[in-house]
Amino acid sequence: MTRKQKRLAVIAGGMSFILVAVLLVMFAFSQSVAYFYMPGDLAKTPVAPGTRIRLGGLVGAGSVLRGEGSVVRFAVTDPSGEIVNVRYQGILPDLFREGQGVVTEGTFETGSNVFTADTVLAKHDETYMPKDVADRLKAQGLWEEGKGAAPQGEAAKGQEAQGQQTRATP
């Protein structure tokens, strides 16, 4: 074998090793993929029982039923009005409540249209603020109870008024 042939053999071996590694990684990722659906999507294109998916939407009002032990049944709905009944066994997240956003992961039961979830993730709303930040804003007079942070113009007026009060007091 000439020097050029050895070099080509090493390059070909390295490339084949990289190709095999990439194929193995792609195969592993394809096995763990869970597609995201909303109830309206499932009404249009049903999913075969046993197929692992993520189901997202809002927890239906009045739909949460607690069974024996840690079994919970609830409905997931979306703006289209479609409803999917969900069964979950486990401890629900603290943010889980009716009307709140939720993402569940699991499969549909064979011969039934009940979604059996093994993971439930509750989504917080956009007005979430850590307690320590909210406490600081309340102390500064920048927090309106029930409304959140005051708009910037009103916050500046509140600070000016607070500053005038402290200067006026001997």
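A residue is called buried when its relative accessible area is under 20%, exposed when that area is over 50%, and partly exposed in between. The legends below use these words for close-up views of a predicted model.

**Figure 1. Overview of the predicted protein, with its helices and strands**. The protein has 4 helices and 9 strands, and a reader who follows the sequence meets them in the pattern α-β-α-β-β-β-β-β-β-α-β-β-α. Of the 170 residues in the protein, 25% are buried. The accessible surface comes to about 12,200 Å², and carbon and sulfur atoms account for 59% of this surface. When contacts between residues at least 6 apart in sequence are considered, 43% of them join residues that are at least 24 apart.

**Figure 2. A patch of positive charge on the surface, with Arg 3 as one of its members**. The side chains to look for here are Arg 3, Lys 4, Lys 6 and Arg 7, which gather on the surface as a patch of positive charge. Arg 3 belongs to helix α1, which covers residues 3-31. The relative accessible area of Arg 3 is 70%, and because this value is over 50%, Arg 3 is described as exposed.

**Figure 3. A nonpolar patch on the surface, with Ile 11 as one of its members**. Eight residues are named in this patch, namely Ile 11, Met 15, Phe 17, Ile 18, Leu 19, Val 22, Leu 23 and Met 26, and together they make a nonpolar surface of about 860 Å². Ile 11 is found in helix α1, the helix that also holds Arg 3. With a relative accessible area of 49%, Ile 11 counts as partly exposed, because this value falls between the limits of 20% and 50%.

**Figure 4. The salt bridge between Arg 52 and Glu 105**. In this view the side chains of Arg 52 and Glu 105 meet in a salt bridge, with 3.2 Å from N to O. Arg 52 lies in the loop between α2 (39-44) and β2 (53-59), whereas Glu 105 lies in strand β6 (residues 101-108), so this pair ties together parts that are 53 residues apart in sequence. The two partners fall into separate classes of accessibility: Arg 52 is partly exposed at 34%, while Glu 105 is buried at 14%.

**Figure 5. The salt bridge between Asp 118 and Arg 52**. Arg 52 appears again here, and its side chain meets that of Asp 118 in a salt bridge of 2.9 Å from N to O. Since Asp 118 is part of strand β7 (residues 115-122) and Arg 52 is in the loop between α2 and β2, the pair ties together parts that are 66 residues apart in sequence. Asp 118 has a relative accessible area of 45% and is therefore partly exposed.

**Figure 6. The salt bridge between Glu 105 and Arg 54, and the network to which both residues belong**. The side chains of Glu 105 and Arg 54 meet in a salt bridge of 3.0 Å from N to O. Glu 105 sits in strand β6 and Arg 54 in strand β2, so this pair ties together parts that are 51 residues apart in sequence. Arg 54 is partly exposed, with a relative accessible area of 36%. The count for the model comes to 3 salt bridges, and Arg 52, Arg 54, Glu 105 and Asp 118 are linked in a network of salt bridges.

**Figure 7. The surroundings of Gly 60, in the loop between β2 and β3**. Gly 60 lies in this loop, which leads from β2 to β3 (65-66), and at 10% relative accessibility Gly 60 counts as buried, because that value is under 20%. Apart from residues up to four places away in sequence, Gly 60 touches Ala 75, Thr 77 and Glu 98. Gly 60 and Arg 97 are 37 residues apart along the chain, and their C-alpha atoms are separated by 9.1 Å.

**Figure 8. The surroundings of Asn 113, in the loop between β6 and β7**. Asn 113 has its place in this loop and counts as exposed at 59% relative accessibility, because the value is over 50%. If neighbours within four places in sequence are left aside, Asn 113 is in contact with Asn 85 and Phe 108. The C-alpha atoms of Asn 113 and Val 86 are separated by 9.1 Å, and these two residues are 27 residues apart along the chain.

Methods:
Residues numbered from 1 in each chain as written. Predicted model: local features only at pLDDT ≥ 70, side-chain atom pairs only at ≥ 80, totals over all residues. Heavy atoms only, no water. Patch = residues over 30% accessible without salt bridge, like charges linked within 9 Å, V, L, I, M, F, W, Y side chains within 5 Å. Areas by Shrake-Rupley, 256 points an atom, 1.4 Å probe, with all protein chains shown as cover. Salt bridge = Lys/Arg side-chain N within 4 Å of Asp/Glu carboxyl O. Lys, Arg positive; Asp, Glu negative; His and termini not counted. Charge placed at Lys NZ, Arg CZ, Asp CG, Glu CD. Helix = DSSP H or I, 4+ residues; strand = E, 2+ residues; numbered from the N terminus. Buried < 20%, exposed > 50% of the residue type's maximum accessible area, 1.4 Å probe, protein only. Contact = heavy atoms within 4.5 Å.
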